[in-house]
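User: I'm new to this structure and would like to understand the words used to describe it. Could you take me through the reasoning behind them?

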Amino acid sequence: MRILVNERGAERLLSRHLWVFARDVVSGPEAPGLFPVYWGRRLLALALYNPQSALRVRAFRFRPAEDPEKALLENLQRAVSRRLGALGREPEGGFRLAHAEGDFLPGLVVDYYAGHAVVQATAYAWEALLPQVAEILKPYVKSVLARNDAKAREMEGLPLYVRPLWGEVPERVTVKEGRVRYLVDLKGGQKTGAFLDQRENRTLMESLRGERALDVFSYAGGFALHLALGFKEVVAVDSSGEALAWAQENARMNGLAIQTVEANAFDYLRALEKAGERFDLVVLDPPAFAKGKKDLERAYRAYKEVNLRAIRLLKEGGVLATASCSHYLTEPLFYGMLAEAAKDTHRVLRVLERRGQPFDHPVLLNHPETHYLKFALLEVL
Ligand code: SAH
């Protein structure tokens, strides 16, 4: 059984992009699984295949292999091995063990939270392989949870559920990050429990000092906790009251004080501006406003609006730490948006740092979708 692609599909795989969409697939098996991809008689790749999905072919290897399943699972073993140095240095930390396409593991994410693994599969062919995935993870963790409740699974025709694959999964885990610790709700938290991609950008905050800091889109106090080490007053804003309750619990656990405000960020920023409030630092870590290409224009305006409002709240010499996790808002668009916000507010933005994803969220230059996180540290003059 094999998958046959047309010339356009072949061009994508030959350029080492991992995806071929339905329109470029000439024929394929009736059921989902792992299959070789051919262009005529030429083998191009081994791929995860789902005849029900518009994203039909997701390559995981560009060379032949006798046993595709074994080859795919070897990619997982390799991905885990690449993290072992970091895990050894910080076993109580949080790391991504498998970053989907970025690790040649399309549709599979595995996050590590202080000795507990959370797996999320969003490509059909993984479903039958979850016992083997757990088997590979066992030597490194005390439990493995399947957090298979991501919306993306519906588009693949997969059911939504959360269940342990192995071991005793605790209700909550304490994760160490830089000089703070935070609680993770493995079964119920957003994503797989936390936003590990901002780990190094959050710990960067520990080197900053000042009077007042504002953490907008704070979730469970992600940036706020680190800021509370160096700022006298820290305000964390989120629309989720539940997340903010965790933020307060996190602050208590660290012996730190933060204020939490449950509000829509757009409204709250406007209210602060009206009240003439000023800050030494503002963090903006919004959710992906652009989930697809078609939302880009509206999303661009939303990103610009929050950044404009944050800039207006900053004192002369204050710092804006601003992020976007939407792949569609590319790096040039992100910095272009910030430049427009700078011009419109008549403030100068000096780049202190341009950052992105940490090592455990690898980017493949051939597959631009793997690059999504932008993070800028800017001095506002
Ligand atoms: N900075 C966090 C992660 C933020 S994720 C960390 O480092 O851990 C984005 C957050 O934005 C989520 O917690 C979500 O609840 C919140 N959110 C989404 N839309 C919002 C809105 N309009 N106003 C305020 N918060 C919002």
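User: In which helix is the place of Arg 301?

Analyst: Happy to help, and one thing to keep in mind is that this is a predicted model. Arg 301 has its place in helix α9, which covers residues 296–313.

User: Why does Arg 301 count as exposed?

Analyst: Exposed means a relative accessible area over 50%. Arg 301 has 52% relative accessibility, so it counts as exposed. As for its position in space, the C-alpha atoms of Arg 301 and Pro 36 are separated by 43 Å, with the two positions 265 residues apart along the chain.

User: What makes Arg 83 buried or exposed?

Analyst: The cut-off for buried is under 20%. Arg 83 has a relative accessible area of 1%, so it is buried. This arginine lies in helix α2. Its C-alpha is 9.1 Å from that of Ala 98, and the two residues are 15 apart in sequence.

User: Let's turn to Arg 16. Where does Arg 16 lie, and what is notable about its phi?

Analyst: Arg 16 is in the loop between α1 (7–14) and β2 (19–20). Its phi is near 70°, which is a positive value in a residue other than glycine.

User: Why is Arg 16 called partly exposed?

Analyst: Partly exposed is the class between the cut-offs of 20% and 50%. Arg 16 has a relative accessible area of 31%, so it is partly exposed.

User: How do you know that Arg 16 lies over the face of Phe 62?

Analyst: For an arginine, CZ has to be within 6 Å of the ring centre and within 35 degrees of the ring normal. Arg 16 is at 4.3 Å from the ring centre of Phe 62 and lies over the face of that ring. There is another example: the charged end of Arg 354 sits over the ring of Tyr 335, 4.0 Å from its centre.

User: Which other residue has a positive phi although it is not a glycine?

Analyst: Tyr 219 is one, with a phi of about 55°. Tyr 219 is found in the loop between β14 (210–216) and α6 (222–227). With a relative accessible area of 16%, against a cut-off of under 20%, Tyr 219 is buried.

User: How many aromatic pairs does the structure hold?

Analyst: There are ten aromatic pairs. One of them is formed by Phe 62 and Phe 104.

User: Why is the pair of Phe 62 and Phe 104 called edge-to-face?

Analyst: A pair of rings is described by the distance of the centres and the angle of the planes. Rings pair if their centres lie within 6.5 Å, and planes over 60 degrees apart count as edge-to-face. Here the centres are 6.3 Å apart and the planes are at 80°, so Phe 62 and Phe 104 make an edge-to-face pair. The pair links distant parts of the chain, 42 residues apart: Phe 62 is in the loop between β6 (57–61) and α2 (68–89), and Phe 104 is in the loop between β7 (94–99) and β8 (108–113). Phe 62 is buried at 18%, whereas Phe 104 is partly exposed at 32%.

User: And what makes the pair of Phe 95 and Tyr 112 tilted?

Analyst: Stacked needs planes under 30 degrees apart, edge-to-face needs over 60, and the rest are tilted. The planes of Phe 95 and Tyr 112 are at 40°, with the ring centres 6.5 Å apart, so this pair is tilted. Phe 95 lies in strand β7 and Tyr 112 in strand β8, so the pair ties together parts that are 17 residues apart in sequence. Phe 95 is buried at 7%, and Tyr 112 is buried at 4%.

User: Which residues are the closest to the ligand?

Analyst: They are Arg 202, Phe 217, Asp 238, Ala 265 and Asp 285, in a shell of 16 residues. Phe 217 also belongs to one aromatic cluster, together with Phe 266, Phe 289 and Tyr 303.

User: What makes Phe 217 a polar contact of the ligand?

Analyst: A polar contact is a pair of N or O atoms within 3.5 Å. A backbone N or O atom of Phe 217 lies 3.0 Å from a nitrogen atom of the ligand, which fits. Taken alone the ligand exposes 590 Å², and the protein buries 88% of that.

Definitions and conventions: Residues numbered from 1 in each chain as written. Predicted model: local features only at pLDDT ≥ 70, side-chain atom pairs only at ≥ 80, totals over all residues. Heavy atoms only, no water. Helix = DSSP H or I, 4+ residues; strand = E, 2+ residues; numbered from the N terminus. Buried < 20%, exposed > 50% of the residue type's maximum accessible area, 1.4 Å probe, protein only. Phe/Tyr/Trp six-rings, centres within 6.5 Å; stacked < 30°, edge-to-face > 60°. Near = heavy atom within 4 Å. Polar contact = N/O pair within 3.5 Å; in protein donor to acceptor, adjacent residues only side chain to side chain. Areas by Shrake-Rupley, 256 points an atom, 1.4 Å probe, with all protein chains shown as cover.
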